[in-house]
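Let's take a walk through this one together, starting with how its strands line up and ending at the ligand. Have the sequence and the 3D view open as you read.

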Amino acid sequence: MKKNKLMLMAIIAALIVVFFAFDLGRYFTLDFFKSQQAAIDGYVRAGPIQAGLVFFLIYVAVTGLSLPGAAFMTLAAGAVFGLLWGTVIVSFASTLGATLAFLASRFLFQDAIQARFGNNLKAINAGVEKDGAFYLFTLRLVPAFPFFVINLVMGLTPLKTWTFYWVSQTGMLAGTLVYVYAGTEIARIDSLQGILSPGLIISFTLLGLFPLIAKRAVGAIKARKVYAKWPKPASFDRNLVVIGAGSAGLVSAYIAAAVKAKVTLIEKHKMGGDCLNTGCVPSKALIRSAKLLATMKRAKEFGLKSATVEFDFADVMERVQRVVKTVAPHDSIERYTRLGVECITGEAKITSPWTVEVKTADGTRTLSTRAIVIAAGARPFVPPIPGINQVGCLTSDTVWDLRELPKRLVVLGGGPIGCELTQCFARLGSQVTQVEMLPRIMIREDPEISDMVMRQFEKEGVTVLVNHKGKQFKVENGEKILICEHDGKEVRVPFDALLCAVGRIANTSGYGLEELGIPVTKARTVEVNEFMQTLYPNIYACGDVAGPYQFTHTAAHTAWYSAVNALFGRFKKFRADFSVIPWATFTDPEVARVGLNETEAREKNIPYEVTTYGIDDLDRAIADGDAHGVVKVLTVPGKDKILGATIAGEHAGDLLIEFILAMRHGLGLNKILGTIHIYPTLVEANKYAAGVWKKAHTPKELLRWIEKFHAWMRG
Ligand SMILES: Cc1cc2nc3c(=O)[nH]c(=O)nc-3n(C[C@H](O)[C@H](O)[C@H](O)COP(=O)(O)OP(=O)(O)OC[C@H]3O[C@@H](n4cnc5c(N)ncnc54)[C@H](O)[C@@H]3O)c2cc1C
């Protein structure tokens, strides 16, 4: 803890100790007040302003330090200053004191609490950010919640100070009035307990709940309003219609069929969507061929005199298609029909919140449904760089049709797709130039991780141009040229083929969103709430079309919430949980991450400790000839709680599972260290990383004593 925090804590603790040690609480009792009332009245009459000020300051101190006595002082204010001035003084003093306690709690503990429980608190934080004023108002009005607890707890949330101040003052006003009024007749009061009758407590509670109920009611009215212009069918043919049979749509339909709902899945193109046809599956198949080639080039390192490879690029690409075909049955119409899903090949359009029109080869049909899941995916973004149409551009949609290896390939984009394909084509023999306008490739990862990948690319003959912004494409004397801007200068890159991998945009037009007025976000994804609901609570969106992540596993994850909420939301709705999201980029070295990395921790101001273990030291990696890479773990300072982990190296995506599991289920590095890992495996790297952490946290003083003990034992 920082020095100034420790000092403040010490001062507060000292004042509290003084209060209790000298039994100052005895001055904050009815009996004491009544016995001294005449003297106090005299003091007030002699100098009412000064007396009011002293009273105000004592009140602020008592409430600011969260000491007992606020309720009594409110009564005393009524007795001494009367209803009007008593209320004014107490209202401001109690709010100021509460705000001081709120600020002290925030200053001393908020960072630590958010760092320790940040993931678990995400939903609460979001709720407080959205509706914090309402919650606070209710808490202030309902007398069951102790005043000082509210101050301290609210300090730990992201509630704004000004909101806390004004809501507290407004919310406490009614209670203040009751107490101050009671104080004007203090002679008749024997105890603090009797002031609030059960009737009054119930009235306050109702008053406190009113804003929340009103808000919910307004929400319900708004929700009804969006449906107002759409005639609702009296009954529905189906429980669920899913648009798009990619990773997200398939999972939604699968879940619906598994729970015996009547579900229809509509796909206009190929079952399996991007992942199967143009994404994960073909890219990983190509990576495998390219890797084999790269390994064979290292034959000598493995003790083989020589290994020559002859290959035809077209054969490699045919193998990629064979892999796609082999996996395709998993996502096929036949399989899903067997599972109980009605599959329709056709183009879907939402025509009302309860109807979907499907254009098929046989004509147009309209299906009525209780709920709709939009899983329409995303497509490659082609930047509007002048001349791009003239030179032609491959994307992740079309690159799989290539049967001739481009001699000189420009890959525009340093993200995961750009990096994976850059390395593949370089390994297959293209002369690849990767162009990225940001300062490094794989910008989401820590700089040294990006650097590790970039150095490997360069070692393999790739020209990596970072800080290069593509400005224009030209054809000069039949040669295609990319003109980039770098450091204010023009850089010319001649090439034969161009592959654009600068991002993917969600498919949000042409299937009814515009007509229904379903909004999209700034990131141009379909806007959904935490339950994956769009503006229409019975229309859900998941996968790439909704974001915020664009992976197959996150598509499946959000699809689960969409399907379950769509089918059972009237009983219980589940908030999509994005607290532990992993991903991997299948370059060599492979890079996989879950949770925070250093760059993000710094940006978010989250305190962390970093532990690294170099995979170059790992027995199995050495035996495999893959002794490179790193395991990098971020933990809460002084604790083994994992905030995030990045692995770069062979099979990083597989190795990371241990950290994903640990984070998901709250297991720390001690638990990983205490788990037997098979020798010799790559996954031992995780255990060794935990070991590095443990070594850095050994109780040195205790070990010194143990050393002495052993010396003594030796005699
Ligand atoms: C080259 C590449 C490599 C990748 N590698 C990985 C990886 O290794 N790991 C990973 O996790 N992710 C990877 N991804 C990302 C992954 O492919 C996507 O995140 C995932 O496919 C998204 O699934 P989805 O269901 O949201 O969308 P999609 O798979 O795009 O499916 C959407 C479907 O909806 C259909 N559709 C759209 N509109 C309509 C309509 N009106 N009517 C009927 N049908 C419609 C489309 O035809 C499409 O089939 C990769 C992507 C690419 C491009």
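Two strands count as paired here if DSSP finds at least two bridges between them. Keep in mind that you're looking at a predicted model. With that in hand, take strand β5, residues 355-360, and strand β6, residues 363-374: they run antiparallel and six bridges join them. Thr360 sits opposite Gly363 in β6, and the two strands make a hairpin with two residues in between.

Now look at the other partner of β5. β4 pairs with β5, again in the antiparallel sense, over five bridges. Here Ile350 faces Val356 of β5, and a hairpin of two residues links β4 to β5.

β4 also takes us to the ligand. That strand (347-352) is one of the elements that each give at least two residues to the shell around the ligand, along with β2 (263-267) and the helices α8 (247-258), α9 (273-277), α10 (280-297) and α17 (552-568). The ligand has 37 residues around it, and Glu267, Asp274, Lys284, Asp544 and Thr552 are the closest. Sort the shell by character and you get 14 nonpolar, 15 polar and eight charged residues.

So which side chain has an N or O atom 2.6 Å from a ligand oxygen? That's Glu267. The side chain of Lys284 places an N or O atom 2.7 Å from an oxygen of the ligand, while for Ala375 a polar backbone atom lies 3.4 Å from a ligand oxygen. On its own the ligand would expose 1,000 Å², and the protein buries 94% of that.

Terms used. Residues numbered from 1 in each chain as written. Predicted model: local features only at pLDDT ≥ 70, side-chain atom pairs only at ≥ 80, totals over all residues. Heavy atoms only, no water. Near = heavy atom within 4 Å. Polar contact = N/O pair within 3.5 Å; in protein donor to acceptor, adjacent residues only side chain to side chain. Areas by Shrake-Rupley, 256 points an atom, 1.4 Å probe, with all protein chains shown as cover. Helix = DSSP H or I, 4+ residues; strand = E, 2+ residues; numbered from the N terminus. Nonpolar A, V, L, I, M, F, W, Y, C, P; charged D, E, K, R; others polar.
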